[in-house]
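Colleague: I am new to this model and would like a close look at a single part of it, starting from one residue and working outwards. Please take your time and show me how the surroundings fit together.

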Amino acid sequence: MDTLLSAEEREFAQQMRQFYRTEIPEELRFKVATGQELSKEDMVTSQRILNANGYAVPHWPLEWGGQDWTPVQRHIWLEEMQLACVPSPLPFNVSMVGPVIANFGSQELKERFLPATANIDIWWSQGFSEPNAGSDLASLATSAVRSGDKYIVNGQKTWTTLGQYGDWIFMLVRTDANVKKQAGISFLLIDMKSPGVTLRPIQLIDGGHEVNEVFFDNVEVPVDNLVGEENKGWTYAKFLLGNERTGIARIGASKVNLARAKAYAAVTKTATGTLLDDPLFSARLTRLEAELTALEMTQLRILSTQAAGSDKPDPRSSVLKLKGSQLQEDISEILVDVLGPQGLDFVTDRVQGEGLTDLPLGAVDALPAYFNTRKVTIYGGSSEVQRGIISKALLGL
């Protein structure tokens, strides 16, 4: 990456590199590097260190903890974080609800929520998808009916990631059923301890508990918890998803995982040497490396022409989301192929609660990660949705 940057940007990258490798506890970075599951406490610890040094929310307004950085500097901040295997700040806080409140919320909401959100004193959950409103999010049915100074919320959200840790949930709710579906949606903040809120875990194929269903039964929510204007939630959601899609590319994390695959292949014996000596495997690995480099160049080109501080979603982020998510799936697949049957043994052990098999250090998450990564071409807007955006907004078709 350094060859694509100016001298000032390379110096900034070195500053980030040094900070991440000296200030974030090594045991946390080792967990990320070796595919171990992070606890809530691990994520809180890391984000609070970042926040104390001004590195948790650099893309926020300056008055709420942001930095006067260029889009390229923000890219460097994130990529060096991923390359150093630092736990990423909680995306629901820093990339989703935080920027929405900062750009569209009242002064009271900003003062009430933004400092606690940056410092992860509040753990936010995302309440967007519903059983019949996933990629077609505008079809959501969860309702919020105004009654005096409160909204009465009824409905269900699903795929609520890490909702078991959630203190608050930011929601898209239908506040007007008599208009075009995108026009009747509002953005509401709900305390998850409110009476009538019920959370139920969803068991995943990898044996983990990452996502949940959340039910709302006559939940009373103060009108003051509305972000922006009533029935303008779709506008705020598009802004949020524009931020999310840029981060979903996860170029730094993909570099780390591809390097892991290469390292495992180098010690995997075959009849003619190691797996790296196999021409078909080597060609496959080289193709992924080339595509990842091309994606990074594309991201830097987009960022170099982005206006700093712009609050408008950039449709070009759909290109990054489309290709970045596909590469994540391809890299998780090559990791599994390197492990072979050993990876299958591990998943059996994990689901049945038995001890781990004798896998290479850092390879224990390969097959669970493969299963889990199937979702990245769906969340944040499916690949089909991204192609539609690219077709309409970029190609004018």
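Modeller: Let us begin with Ser254, which, once residues up to four places away in sequence are set aside, touches Ala249, Leu292, Gln328 and Ile331. Please keep in mind throughout that this is a predicted model. Ser254 itself lies in helix 8, the helix that runs over residues 251–266, and its relative accessibility is 3%, so it counts as buried. In that respect Ser254 belongs to a sizeable share of the chain, given that 48% of the 397 residues of the protein chain count as buried. The chain as a whole comes to 13 helices and 10 strands, and of the contacts between residues at least 6 apart in sequence, 72% join residues at least 24 apart.

From Ser254 the contacts lead on to another helix, for Gln328 and Ile331 are partners of Ser254, and helix 10 spans residues 317–339. What angle do helix 10 and helix 13 make where they pack? Two packed helices are described by the angle between their axes together with the distance between those axes. Helix 10 meets helix 13, which covers residues 383–394, at an angle of about 150 degrees, and the two axes are 9 Å apart. The crossing of helix 10 and helix 13 is left-handed. On the side of helix 10 the contact is made by Ser318, Val319, Lys321, Leu322 and Ser325, and on the side of helix 13 by Ser383, Gln386, Arg387, Ile389, Ile390 and Leu394. Sorted by character, the residues in this contact of helix 10 with helix 13 are 5 nonpolar, 4 polar and 2 charged. Elsewhere in the chain, the charged end of Arg374 sits over the ring of Tyr370, at 3.9 Å from the ring's centre.

Aromatic rings also pair with one another in this model, and the structure holds 15 aromatic pairs. In one of them, the rings of Phe19 and Tyr55 have centres 4.8 Å apart and planes at 80 degrees, which is over 60 degrees, so the pair is edge-to-face. Phe19 sits in helix 1 (residues 7–23), whereas Tyr55 belongs to the loop between helix 3 (40–52) and helix 4 (71–83), so the pair ties together parts that are 36 residues apart in sequence. Both Phe19 and Tyr55 are buried. Beyond single pairs, a cluster is formed by ring pairs that link Phe113, Trp124, Phe128, Trp168, Phe170 and Phe187.

A residue that touches this cluster is Phe92, which is placed in helix 5 (residues 91–104). Leaving out residues up to four places away in sequence, Phe92 touches Val97, Gly98, Trp124, Gln126, Thr161 and Phe170; of these partners, Trp124 and Phe170 are members of the ring cluster. With a relative accessibility of 7%, Phe92 counts as buried. The C-alpha atoms of Phe92 and Thr161 are 9.2 Å apart, although 69 residues separate them along the chain.

The loop between strand 3 (150–157) and strand 4 holds Leu162, and Thr158 lies in that loop as well. Leu162 has a relative accessible area of 16% and is therefore buried, while Thr158, at 8%, is buried too. Thr158 reaches parts of the chain that are remote in sequence, since its C-alpha atom is 6.2 Å from that of Val214 although the two are 56 residues apart. Apart from residues up to four places away in sequence, Thr158 touches Ser129, Glu130, Pro131, Ile202, Asn212 and Glu213.

The backbone deserves a word here. Most residues other than glycine have a negative phi. Leu162, however, has a positive phi of about 55 degrees although it is not a glycine. Phi of Asn231 is likewise positive, near 70 degrees, in a residue other than glycine. Asn231 is placed in the loop between strand 8 (226–227) and helix 7 (233–248), and, with 21% relative accessibility, it counts as partly exposed.

One last residue offers a contrast in accessibility. Lys180 is found in the loop between strand 4 (168–174) and strand 5 (185–191), and it counts as exposed because its relative accessibility is 62%. Its C-alpha atom is 9.5 Å from that of Ala138, with the two positions 42 residues apart in sequence. Set against this exposed lysine, Ser254, where we began, counts as buried at 3%.

Methods. Residues are numbered from 1 along each chain as its sequence is written. This is a predicted model: local features need pLDDT of at least 70, side-chain atom pairs count only at pLDDT 80 or more; totals for chains, interfaces and linings use all residues. Side-chain values use heavy atoms; hydrogens and water are left out. Rings of Phe, Tyr and Trp (its six-membered ring) pair if their centres lie within 6.5 Å; planes under 30 degrees apart count as stacked, over 60 as edge-to-face and the rest as tilted. Helices (H or I, at least four residues) and strands (E, at least two) are DSSP runs, numbered from the N terminus. Buried means under 20% relative accessible area, exposed over 50%, partly exposed in between (1.4 Å probe, protein chains only). A charge sits over a ring if NZ of Lys or CZ of Arg is within 6 Å of the ring centre and within 35 degrees of the ring normal. Axes are lines fitted to C-alpha atoms, for helices over the stretch in contact, and angles run from 0 to 180 degrees between N-to-C directions. A crossing is left-handed if the near helix is turned anticlockwise from the far one by less than a right angle, and right-handed if clockwise. Contact means heavy atoms within 4.5 Å. Ala, Val, Leu, Ile, Met, Phe, Trp, Tyr, Cys and Pro count as nonpolar, Asp, Glu, Lys and Arg as charged, and the others, Gly among them, as polar.
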